[in-house]
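This briefing is intended for a reader who is new to the structure shown below. It begins with the ligand and then turns to other features of the chain.

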Amino acid sequence: MFTIKNYVVAEDLAQAYELNQKKNNVILGGIAWLKMGERNIQTAIDLSKLGLDKIEEDEDSFKIGCMCTLRDMEVNESLNSYFDGAISKSLIHIVGVQFRNCATIGGSIYSRFGFSDILTCLLSLDTYVELYNGGIIPLSIFKDMPYDNDILVRIIIKKDNRKVSYLTHRMSATDIPTLAVAVSRLEDKWEIVLGARPQRAVLVNKCEEILSQNPTKEEIDFLVKHIMQEVKFGSNMRGSKKYRQILAGVFINRGIEEVIGGTHEN
Ligand SMILES: Cc1cc2nc3c(=O)[nH]c(=O)nc-3n(C[C@H](O)[C@H](O)[C@H](O)COP(=O)(O)OP(=O)(O)OC[C@H]3O[C@@H](n4cnc5c(N)ncnc54)[C@H](O)[C@@H]3O)c2cc1C
């Protein structure tokens with residue numbers, strides 16, 4: 001159990017950022033993860049009065065405030081119809097509805113867990129994080145940055161008409177994933193993301209050089225071979241390296257099939 005000495009409801013982001021510069025002060029998301037730990041928190045910083053619990057949409061993008069819950073994203077019709085239901089598919093297996101009504105997108109993306117479903121899914125889209133001090137940077141860069149004392153204010157997903165598919169395997173319904181795969185195609189440019197390897201999600205290099213817009217079986221087989229050589233898979237209690245590699249091959253085929261209009265359902 002964690003312990004909080006002082007609790008501050010931030011009046012604005014400047015105050016929250018200033019407080020967060022002290023080593024033992026902590027930003028609160030939905031606290032679903034924090035409460036599992038043993039931290040002694042000097043000052044807990046609550047962002048819930050800053051209006052960051054909205055999903056906003058304009059012509060170019062979706063802007064998702066850091067205090068939006070995973071459930072807000074899961075059931076948002078516009079977000080899910082735009083991205084082929086992939087965002088919802090990446091969230092529905094996380095614990096249960098009550099849990100997803102608490103856990104936030106800010107806490108999830110800030111944490112950059114190796115097993116993160118939503119990090120895997122968002123990396124296959126044109127996604128950015130808006131940091132209070134660090135500005136707007138691509139999620140693909142943020143995911144490998146060291147943890148610091150900045151505040152993740154919003155997630156921005158560009159509307160670029162890509163097609164996307166999200167697939168995951170779990171040992172049991174609400175467990176963390178054994179492997180997560182997201183596949184997207186923007187015109188003839190493919191992105192493939194592998195998460196829960198069990199290491200943090202990675203984007204596969206050179207997909208666009210290997211796959212044509214409607215790839216042949218030979219191209220897909222070649223890509224899978226390339227991934228087995230280039231991407232690191234590991235073993236843990238949820239699956240061996242070999243098992244994850246087999247799953248990856250199957251999911252990449254299914255994801256591509258779904259994106260090019262095949263019949264596969266997760
Ligand atoms: C039992 C359990 C099972 C889970 N299973 C899965 C799963 O299957 N798949 C999956 O993808 N995820 C899973 N998760 C992770 C979960 O979905 C959330 O990602 C996690 O709980 C963090 O979100 P939170 O809102 O609870 O963050 P918190 O616990 O509130 O915070 C986590 C960290 O993020 C920091 N933080 C929070 N918000 C911000 C912000 N705006 N800016 C900067 N720092 C911030 C906090 O200071 C803290 O260090 C699981 C978590 C638990 C506890």
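In this predicted model, 33 residues surround the ligand, and those that come nearest are Ile-27, Gly-30, Thr-104, Ser-108 and Asp-117. The ligand sits in the largest pocket. The elements that contribute two or more residues to the shell around the ligand are β2 (26-28) and α6 (105-111). Of these, α6 provides the largest share of the shell, with five residues.

**Polar atoms facing the ligand**

- A polar backbone atom of Gly-30 lies 2.7 Å from an oxygen atom of the ligand. Gly-30 is also among the residues that come nearest to the ligand.
- For Trp-33, the distance between a polar backbone atom and an oxygen atom of the ligand is 3.0 Å.
- At Leu-152, a polar backbone atom is found 2.9 Å from a nitrogen atom of the ligand.
- The ligand would expose 960 Å² if taken alone, and the protein buries 91% of that area.

**Salt bridges**

- The whole structure contains 14 salt bridges.
- One of these joins Lys-89 and Glu-258, whose closest N and O atoms are 3.1 Å apart.
- This pair connects distant parts of the chain, the two residues being 169 residues apart. Lys-89 belongs to helix α4 (residues 86-91), whereas Glu-258 belongs to helix α11 (residues 241-259).

**Backbone geometry**

- As a general rule, most residues other than glycine have a negative phi, and most peptide bonds are trans.
- Asp-84 has a positive phi of about 55°, although Asp-84 is not a glycine. The position of Asp-84 is in the loop between α3 (77-82) and α4. Helix α4 is also the element that holds Lys-89 of the salt bridge described above.
- Arg-197 and Pro-198 are joined by a cis peptide bond, with omega at about 20°. Pro-198 occurs in the loop that runs between β11 (189-195) and β12 (202-203).

**Surface patch**

- Ile-4, Tyr-7 and Val-9 make up a nonpolar patch on the surface. Together, these three residues have about 250 Å² of accessible area.
- Within this patch, Tyr-7 is located in strand β1 (residues 3-9).

Note on methods:
Residues are numbered from 1 along each chain as its sequence is written. This is a predicted model: local features need pLDDT of at least 70, side-chain atom pairs count only at pLDDT 80 or more; totals for chains, interfaces and linings use all residues. Side-chain values use heavy atoms; hydrogens and water are left out. Patches are made of residues with over 30% relative accessible area and no salt bridge: like charges are joined within 9 Å, nonpolar side chains (Val, Leu, Ile, Met, Phe, Trp, Tyr) within 5 Å. Accessible areas come from the Shrake-Rupley method with a 1.4 Å probe; for residues, only the protein chains shown count as cover. A salt bridge is a side-chain nitrogen of Lys or Arg within 4 Å of a carboxyl oxygen of Asp or Glu. Helices (H or I, at least four residues) and strands (E, at least two) are DSSP runs, numbered from the N terminus. A residue is near a molecule or strand if one of its heavy atoms lies within 4 Å of it. A polar contact is a pair of N or O atoms within 3.5 Å; within protein, one must be able to donate a hydrogen and the other to accept it, and residues adjacent in sequence count only if both atoms are side-chain atoms. On a 1 Å grid over the protein atoms alone, a cavity is a set of points where a 1.4 Å probe fits but cannot get out, and a pocket is an open set with protein on both sides within 12 Å along at least five of seven lines; lining residues have an atom within 4 Å of a point. A molecule sits in a cavity or pocket if more than half of its atoms lie within 2 Å of its grid points.
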